[in-house]
Amino acid sequence: MEISYQLKAADQRRSEQFRPTDDIGFGHLRTEHMFLMDYKDGEWIEPRIVPYGPLTMPPGAMALHYGQSIFEGAKAFKHTDGEIHTFRLNMNAARLNHSAAVVCMPAIDEQMQVEAIHALLDVDRLWFPEQDGACLYIRPFVFATEDHISVRSSKNYTFCILMSPSGAYYKDGNNKAIRLLVSKQYHRAVSGGTGSAKASGNYSASLKAAETAQTYGASQVLYLDSKNEYIEEAGAMNHYHVLKDGTVIIPKFTDTILKSITSRSILELGQQLGCEVRQESIKISDFVEGVKSGDIIEAGGFGTAAVVSPVGSYIFEDNSVITVGDGNVGKYTLAMYTLLTDIQMGRQQGPAGWVNKVERIKQ
Ligand SMILES: Cc1ncc(COP(=O)(O)O)c(C=O)c1O
């Protein structure tokens, strides 16, 4: 892929490494450039890196009306050698294409997606925020641009990648366990729907549930399947729990659960963690019983943003509460978080191919 570069003038660009002293939050800031590529007449054309700025789009662009839009989320990390590294981007690329297939969009060559992200990281490397726990958050997304008012798949699309210098997801680190609302009222996905895709509409559909969770003093919703029998996801994270013997259990991937790259990494790291990690269909009734009896000692969520997010308690719509263990962050949760972040940060060797250096081509 031949990427064309239309970079900002040197005097308008950052000339020193970004070293924020204040909390920069998550997702607010942008780097100076973005990657764009268009789909027209049956092919992806004009891969380019341009200054970050507004996109022009006809008001009839189909993404705005029918939500034909998908996205990914990944992070880049800076190692102690000063070089930027990415983590398992090939899995994000494959998942973007899975999402594309679910909402009838054309695929994008996976190698090309990874190359595009690395090229963008290369030009905006000075935007890497040098702050404890900070990262460059990477957001690739594809949306329908054809100016047409019919419910059918668009003929034209744009693939864009933007980046956000972001601080630690949780201000006080992951040493504070969150509360989830177990909802029988709201559902994230139904079988036969789009739940296994990172389709934008799934996220607008989850806003009401998330706002309701907050009225219960919970950070997010523990979603059940539409029959309220099985555990599905913890907000925008996969759910996990840990048994007394240290076994980690993640719900089986179905077409209503997003295949988390964090979960899949933990599944693959079982041996290195020294405990069994497996997937099962988990009945909410069994889970509640396990927490109450003390057979389940830890629980939480897996996702790129927070990596491992411990859950200390669950509240139900009748306001009853169950507490997992002593309600604090447990040792298995901490071990999973430490191992995965150590691999991402280059402090420990991960499996071959997981961590890749961003080569210096333009910078
Ligand atoms: C619904 C949902 N589940 C799970 C995840 C976690 O996936 P990953 O670990 O790949 O970030 C995400 C975030 O991408 C998500 O949006």
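**Notebook: two domains, helix 2 and the cores**

I began with the domains: the C-alpha centres of domain 1 and domain 2 lie 27 Å apart. This is a predicted model, so I read everything below in that light. The assignment I used puts domain 1 at 4–168 and domain 2 at 178–344.

Next I looked up the contact between them. Domain 1 brings 18 residues to it and domain 2 brings 13 residues. On the domain 1 side, strand 4, strand 5 and helix 2 each supply at least two residues. Helix 2 gives the largest share there, six residues. I sorted that side by type and got eight nonpolar, six polar and four charged residues.

That sent me to helix 2. I checked its length: 14 residues (89–102) at 1.5 Å a residue should span 20 Å, and the end C-alpha atoms are 20 Å apart, which agrees. Its buried residues are Leu89, Asn92, Ala93, Arg95, Leu96, Ser99 and Ala100. Viewed down the axis, they fall within an arc of 165°, so they line one face of the helix. I then asked what they pack against, and found helix 3 (110–123), strand 7 (135–144) and helix 6 (261–268) among the partners. Just after helix 2 I noted cysteine 104, with a positive phi near 60°.

Last, the cores. The largest nonpolar core has 44 residues, and Leu180, Leu222, Val248 and Leu340 have the most contacts inside it. Helix 9 (residues 331–344) gives the most to this core, six residues. I followed Leu222 beyond its neighbours within four places in sequence, and its contacts include Leu180, Ile231, His239 and Tyr314. A second, separate core has 42 residues, including Met34, Ile108, Tyr137 and Tyr157.

Notes:
Residues are numbered from 1 along each chain as its sequence is written. This is a predicted model: local features need pLDDT of at least 70, side-chain atom pairs count only at pLDDT 80 or more; totals for chains, interfaces and linings use all residues. A nonpolar core is a set of buried Ala, Val, Leu, Ile, Met, Phe, Trp, Tyr and Cys residues joined through C-beta atoms within 7 Å. A residue is buried if 20 or more other C-beta atoms lie within 10 Å of its own, exposed if 12 or fewer, and partly exposed in between; C-beta atoms are placed from the backbone. Helices (H or I, at least four residues) and strands (E, at least two) are DSSP runs, numbered from the N terminus. Two residues are in contact if their C-beta atoms, placed from the backbone, lie within 7 Å. The expected span of a helix is 1.5 Å times one less than its number of residues. The arc is that of the directions from the helix axis to the C-beta atoms. Domain bounds come from an automatic or database domain assignment. Ala, Val, Leu, Ile, Met, Phe, Trp, Tyr, Cys and Pro count as nonpolar, Asp, Glu, Lys and Arg as charged, and the others, Gly among them, as polar.
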